[in-house]
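User: I am new to this structure and would like a close look at a single part of it, the strand in the middle of two successive hairpins. Please describe that part with care, and then place it in the rest of the model.

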Amino acid sequence: MMHEENTFSPDIIDEQTDRASASFVSEDDARLVRSLYSFYQPLSKKNQRSLERVQKRLKRALAAHQTAAQDDSDDMMFSLPKAQPKKARRTYLRTFSLLAAVLLVALLVGSMAYLFSKINRSGLGGPRNSYTITFDGACKPQQTTPKEPNTPGIYMISFDTGQTAVLERRDPNTHQLLWSRNLAPYTVSPVNPFTVAGHLVYVSAYTSGSNRLTDNVLLTINAESGEVLGKTTFGSSSFPLPQGSSEQRSSDYDTGFLSGPVYADGKIFVGQRNGKFYAVDAKTGQKCWEYNSHTIAYSNEGSGLDANRPFVQNGVVYASIYNTVFALDSKTGRELWYQQIDETQYYDAPLLINGKLYLKSTHTSVHHLAPDIPSYIYALDPRDGQTLWSQQISQPIYQNITIANDTVYASTYDGSLITLNAKSGQLGWTKQLSEQAYLDTPLVDTDTVYIVSTRAGTANSTVNTIFALNRTDGRIKWQHPFQGGGSIGLDKNAVLVATPPGSLVALQAANGDTLWTVTGNKQTAKDTQSIPLLLVVK
């Protein structure tokens with residue numbers, strides 16, 4: 001079994017690990033395998049003598065039990081006899097279990113990826129050998145200090161006709177404009193592109209260059225004044241299109257949008273389409289580490305996807321890109337576990353709520369507005385990525401899910417809002433709000449679910465409605481129509497609606513009546529139909 005380069009014959013490994021794992025690797029065994037692997041794999045190069053010891057003991061065990069063995073240049077294969085006496089068969093099975101366990105340990109110590117890739121891909125999680133981490137010495141550990149309180153305000157990003165972004169902050173009490181900053185020449189990522197941490201605003205932005213490349217940057221802005229303090233550049237490094245791609249282009253593919261930023265433990269975490277995720281020092285803007293998942297967010301059906309916004313809690317970064325989800329150590333970027341689903345599905349951003357990691361996946365063809373193609377909602381164990389439950393949804397789910405009050409809320413292609421029990425995945429109530437309508441991500445308050453419905457109107461216009469529903473049974477409390485599409489947020493007892501070209505409307509949360517309205521920013525062109533992005537910081 002041993003070779004000079006201390007590797008195992010692939011044919012033998014394929015046969016024996018398939019046979020052994022099929023007979024004795026249960027879910028509990030797999031947990032032990034992952035733990036042993038995590039502990040012994042880093043020591044494997046220093047413990048080649050252990051492999052020789054395993055081989056010698058294996059030979060002795062074979063001889064002691066008179067098991068069929070073949071020793072040809074230190075290569076061994078095991079096979080069950082076709083017929084044996086009952087007692088002998090039991091003895092053999094015990095021997096085989098022992099030998100299989102020894103073989104498994106040998107594979108662990110030898111760092112053989114085959115068995116573990118099978119375990120990883122079967123939904124049992126575990127770290128991989130195929131990721132890479134790059135450290136930047138400019139980001140040094142700093143003494144932990146209490147996090148500053150976030151600067152309160154109503155933050156909004158609106159757009160001109162050229163998609164240049166304008167960021168503004170309003171007083172949360174008087175609604176007066178405190179400052180406005182044109183971010184030219186940058187525009188921003190379309191989903192959750194900004195966050196506030198202490199007295200700073202972080203914005204994921206980009207500039208468009210030649211050959212469809214985008215130069216991704218993370219802007220750091222003073223929340224009190226709107227002054228741009230600096231930027232972290234992630235570059236426009238392109239990558240080849242995946243083999244078998246339906247898109248026929250000679251040029252490489254670009255890095256797409258930078259994911260929305262997330263602050264935790266003095267760092268900002270973001271990801272790119274090329275499979276790279278970064279930790280950036282929140283004060284200096286220096287890169288701390290770079291993790292390369294080697295997963296490209298581009299489906300073979302021609303859909304250019306993007307890295308999702310990470311979720312960080314208790315020193316762990318949970319991130320997803322295309323059909324993979326993984327957990328990283330927030331200090332070092334070390335991979336803790338990794339999961340992958342079918343390549344026809346792609347994940348949305350992960351959410352860690354009440355000890356479970358929730359994700360939604362949608363078929364890649366959803367970009368072609370295909371109905372009746374299922375989506376899936378999952379609950380994973382955040383410790384190892386094991387699937388706790390999954391539920392198939394018969395309709396595509398465009399927007400990400402929301403979890404509140406032990407309930408999962410999701411909006412489907414047919415204009416329905418559906419619910420699931422967050423603990424078991426069992427389907428709850430469903431409410432169809434409008435046929436052939438586009439529903440945004442649900443927003444949940446104490447006892448009310450708010451959601452925006454958008455459907456096609458006349459003359460390139462849209463018909464938009466905000467629905468307020470009872471969260472326990474889906475009963476509609478009130479609905480409020482408005483023009484131009486919009487994003488929503490909650491502020492005290494009001495629902496805020498941001499509409500093009502940058503106007504803000506406050507509705508009474510109890511009944512939907514209009515409380516106040518402010519007009520759009522003068523820096524924003526009036527004819528743009530791009531929906532402003534809203535962030536309420538209390």
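Analyst: A498 has L504 as its bridge partner, and L504 belongs to strand β34. That pair is part of the antiparallel arrangement of strand β33, residues 494–499, with β34, the two being joined by six bridges. This is a predicted model, and what follows should be read as a description of that prediction.

The connection between β33 and β34 is a hairpin with three residues between the strands, and in it G502 takes a positive phi near 150°. On the other side of the sequence, β34 pairs with strand β35, residues 514–518, again in the antiparallel sense, here over four bridges. Within this second pairing, A506 has W516 of β35 as its bridge partner. β34 and β35 also form a hairpin, with five residues between them, and G512 in that turn has a positive phi of about 85°.

As for its surroundings, β34 covers residues 503–508, and five of these six residues are buried, which is why the strand is largely enclosed by the rest of the structure. Buried here stands for a relative accessible area under 20%. As a general background to reading such a strand, the side chains of a regular strand alternate between the two faces of the sheet.

Elsewhere in the model, two open sheets of four strands can be followed in a similar way. One has the order β4-β3-β2-β36, with antiparallel pairing. Its edge strands are β4, residues 177–182, and β36, residues 533–537, each of which pairs on one side only. From one strand to the next, the twist in this sheet averages 15°. Strand β3, residues 165–170, runs antiparallel to β4 and is joined to it by five bridges, and L167 stands opposite R181 in β4.

Another open sheet of four strands has the order β23-β24-β25-β26, also with antiparallel pairing. Because β23, residues 402–404, and β26, residues 427–432, stand at its edges with a single partner strand each, one side of each is left without a neighbour in the sheet. The twist here averages 20° from one strand to the next. β23 and β24 run antiparallel and are joined by three bridges, with A404 having T407 in β24 as its bridge partner.

The largest nonpolar core of the model has 27 residues, and those with the most contacts inside it are Y318, L357, Y358, I377, I401 and V408. Among the elements that give two or more residues to this core are β20, residues 356–363, β24, residues 407–411, and β25, residues 416–421. The element that gives the most is β21, with four residues. Y358 offers a way to look into this region: leaving aside its neighbours within four places in sequence, Y358 is in contact with residues including L351, I353, Y378, W389, I401 and V408.

A word on confidence is needed when weighing the whole picture. The mean pLDDT of the protein is 76, and 62% of its residues reach 70 or more. Over residues 1–10 the pLDDT stays under 50, and the model has 23 contacts beyond four places in sequence for them. The pLDDT is likewise below 50 over residues 108–124, a stretch that has 49 contacts in the model beyond near neighbours in sequence.

Terms used: Residues are numbered from 1 along each chain as its sequence is written. This is a predicted model: local features need pLDDT of at least 70, side-chain atom pairs count only at pLDDT 80 or more; totals for chains, interfaces and linings use all residues. Side-chain values use heavy atoms; hydrogens and water are left out. Buried means under 20% relative accessible area, exposed over 50%, partly exposed in between (1.4 Å probe, protein chains only). Two strands pair if DSSP finds at least two bridges between them. A nonpolar core is a set of buried Ala, Val, Leu, Ile, Met, Phe, Trp, Tyr and Cys residues joined through side-chain atoms within 4.5 Å. Contact means heavy atoms within 4.5 Å. Axes are lines fitted to C-alpha atoms, for helices over the stretch in contact, and angles run from 0 to 180 degrees between N-to-C directions. pLDDT is the predictor's confidence in each residue, from 0 to 100.
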